[in-house]
Amino acid sequence: MRSIVVGGQVIEAPQKEDCGDKKCPFHGNVTVHGQLIVGRVISDKMQRTVVVAREGTKRVPKYKRYMRVTYKIHAHNPPCVNAHVGDIVLLGETRKLAKTVNYVVLKIIKKAEEGAQ
Ligand SMILES: [Zn+2]
């Protein structure tokens, strides 16, 4: 089992057994560096990839105000983490794993409530 340290936080591997995924931050050969992001999973339809929504603000110069925006981030979802729609997850920045994927799900902070979907 391997645990990883990012930004002073220690994240334990979710399971001891190798999940067989090369793009897993715990059992594969990707390393996490850079940004950490917390977001909510909005789609888990792709194989081993989830779409995570992140809330942010954008400045609108004309009105000198901020507008709320939602950014979509594609993140790799290793089998040992296995996040689903509605889960609040922690993402770590990695190397580019696919055309639009350069984040990986490190852990599920809060599970989606049962039947809330
Ligand atoms: Zn794994």
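This is a short tour of the protein, going from the whole chain to a few residues worth selecting.

**The whole chain**

Start with everything shown as a cartoon, and keep in mind that this is a predicted model. You will see seven strands and zero helices, so to speak a run of β-β-β-β-β-β-β from the N terminus on. The C-alpha atoms fill a box of roughly 55 × 35 × 30 Å along the principal axes. If you colour by burial, 23% of the 117 residues count as buried. Contacts reach along the chain as well: among those between residues at least 6 apart in sequence, 55% join residues at least 24 apart.

**The barrel**

Which strands close into a barrel? Select β3, β4, β5, β7 and β6, and follow them in that order; these five strands close the barrel, with mixed pairing. From one strand to the next, the twist averages 50°.

**The β4-β5 hairpin**

Now select residues 49-60, which are strand β4, and residues 65-76, which are strand β5. The two strands pair in the antiparallel sense over 12 bridges. Two pairs help you find your way across this ladder. Show Val-51 and you will find His-74 of β5 opposite; then show Arg-54, whose bridge partner in β5 is Tyr-71. Next, move to the turn of this hairpin, where four residues lie between β4 and β5. Click on Lys-64 there: its phi is positive, at about 50°.

**From β5 across to β7**

Keep β5 on screen and add β7, residues 101-110. Do β5 and β7 run parallel or antiparallel? They run parallel, and three bridges join them. To see one place where they meet, select His-76, which stands opposite Val-104 in β7.

**The nonpolar core**

Val-104 is also a good way into the largest nonpolar core, which has 15 residues. Select Val-104 together with Ala-75, Val-89, Leu-91 and Val-105: these five touch the most other members of the core. The elements giving two or more residues to this core are β4, β6 (88-98) and β7. Which element gives the most? That is β7, with five residues.

**Last stop: Ala-75**

Finish by centring the view on Ala-75 and showing what surrounds this residue. Leaving aside residues up to four places away in sequence, Ala-75 touches Thr-49, Val-50 and Val-52, then Leu-91, and finally Val-101, Tyr-103, Val-104 and Val-105. Leu-91, Val-104 and Val-105 will be familiar from the core you have just selected.

Methods
Residues are numbered from 1 along each chain as its sequence is written. This is a predicted model: local features need pLDDT of at least 70, side-chain atom pairs count only at pLDDT 80 or more; totals for chains, interfaces and linings use all residues. A residue is buried if 20 or more other C-beta atoms lie within 10 Å of its own, exposed if 12 or fewer, and partly exposed in between; C-beta atoms are placed from the backbone. Two residues are in contact if their C-beta atoms, placed from the backbone, lie within 7 Å. Two strands pair if DSSP finds at least two bridges between them. Axes are lines fitted to C-alpha atoms, for helices over the stretch in contact, and angles run from 0 to 180 degrees between N-to-C directions. A nonpolar core is a set of buried Ala, Val, Leu, Ile, Met, Phe, Trp, Tyr and Cys residues joined through C-beta atoms within 7 Å.
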